[in-house]
Amino acid sequence: AECEVDYRQFEKYSMRLTVKENRITASFDRWELTGEDPEASFPGGGAGFLVEEGAIFIEGFVLEREES
């Protein structure tokens, strides 16, 4: 899934990535995008960034596991 968002370079934004079973949700400022794969699940967790052009700066990256 993908969508275009407006942003300003060098401005800080709140971002969140949530994974539960086969659903992944990303939020950026006021935008939210959800994808679901009925044939997969994400039991181990993890994170990564793919940058097609330029660079990305990360401040305060936190991984949390929610207990069921």
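A salt bridge, as I use the term today, is a side-chain nitrogen of Lys or Arg within 4 Å of a carboxyl oxygen of Asp or Glu. By that rule the structure above comes to a count of three salt bridges, and I will come back to each of them once we have the fold in view. Please keep in mind throughout that this is a predicted model, and that I number residues from 1 along the chain.

Let me begin with the sheet. Three strands make up an open sheet in the order β1-β2-β3, and the pairing is antiparallel. The two edge strands are β1, residues 15-20, and β3, residues 31-36, each of which pairs on one side only. From one strand to the next, the twist averages 10°.

If you look at the pairings one at a time, you will find that six bridges join β1 to β2, which run antiparallel, and that Met15 stands opposite Phe28 in β2. Strand β2, residues 23-28, is also joined to β3 by six bridges, again in an antiparallel arrangement, and there Thr25 has Thr34 as its bridge partner in β3. As general background, side chains in a regular strand alternate between the two faces of the sheet.

How many of the six residues of β1 are buried? The number is zero, so β1 lies largely in the open.

Now to the turns and the backbone. Most residues other than glycine have a negative phi, so it is worth pausing at the places where the sign is positive. In the hairpin of β1 and β2, which has two residues between the strands, Glu21 takes a positive phi near 55°. In the loop between β2 and β3 we find Asp29, whose phi is also positive, near 55°. A further case is Phe10, which is placed in the segment before β1 and has a positive phi near 70°. Is Phe10 buried or exposed? Phe10 has a relative accessible area of 73% and is therefore exposed.

The segment before β1 also holds Tyr13, and I would like to spend a little longer on this residue. The structure holds one aromatic pair, and Tyr13 forms it with Phe28, with 4.9 Å from centre to centre and 35° between the planes, an arrangement that counts as tilted. Since Phe28 belongs to strand β2 while Tyr13 comes before β1, the pair ties together parts that are 15 residues apart in sequence. Why does Phe28 count as buried and Tyr13 as partly exposed? Buried means under 20% relative accessible area, and Phe28, at 17%, therefore counts as buried, whereas Tyr13, at 22%, counts as partly exposed.

Leaving aside residues up to four places away in sequence, Tyr13 touches Tyr7, Arg8, Phe28 and Asp29. With Arg8, the side chain of Tyr13 reaches the backbone nitrogen at 2.7 Å. With Asp29, the C-alpha atoms are 6.0 Å apart in space, although the two residues are 16 apart in sequence.

That brings me back, as promised, to the salt bridges. In general, side chains of opposite charge can pair when their charged atoms come close. Which residue meets Arg8 in a salt bridge? The partner is Glu11, at 3.7 Å from N to O. Arg8 is exposed, at 59% relative accessible area, while Glu11 is partly exposed, at 40%.

Another salt bridge lies within the sheet, where Glu36 pairs with Arg23 and the closest N and O atoms are 2.6 Å apart. Glu36 is in strand β3 and Arg23 in strand β2, so this pair ties together parts that are 13 residues apart in sequence. Arg23 counts as partly exposed, with a relative accessible area of 43%.

The remaining salt bridge joins the side chains of Asp29 and Arg30, at 3.9 Å from N to O. Arg30 is exposed, at 65% relative accessibility, and Asp29 is partly exposed, at 46%.

To close, I suggest you look once more at Asp29 in the model, since we have met this residue several times: Asp29 lies in the loop between β2 and β3, has a positive phi, is touched by Tyr13 and shares a salt bridge with Arg30.

How values were computed. This is a predicted model: local features need pLDDT of at least 70, side-chain atom pairs count only at pLDDT 80 or more; totals for chains, interfaces and linings use all residues. Side-chain values use heavy atoms; hydrogens and water are left out. Two strands pair if DSSP finds at least two bridges between them. Helices (H or I, at least four residues) and strands (E, at least two) are DSSP runs, numbered from the N terminus. Axes are lines fitted to C-alpha atoms, for helices over the stretch in contact, and angles run from 0 to 180 degrees between N-to-C directions. Rings of Phe, Tyr and Trp (its six-membered ring) pair if their centres lie within 6.5 Å; planes under 30 degrees apart count as stacked, over 60 as edge-to-face and the rest as tilted. Buried means under 20% relative accessible area, exposed over 50%, partly exposed in between (1.4 Å probe, protein chains only). Contact means heavy atoms within 4.5 Å. A polar contact is a pair of N or O atoms within 3.5 Å; within protein, one must be able to donate a hydrogen and the other to accept it, and residues adjacent in sequence count only if both atoms are side-chain atoms.
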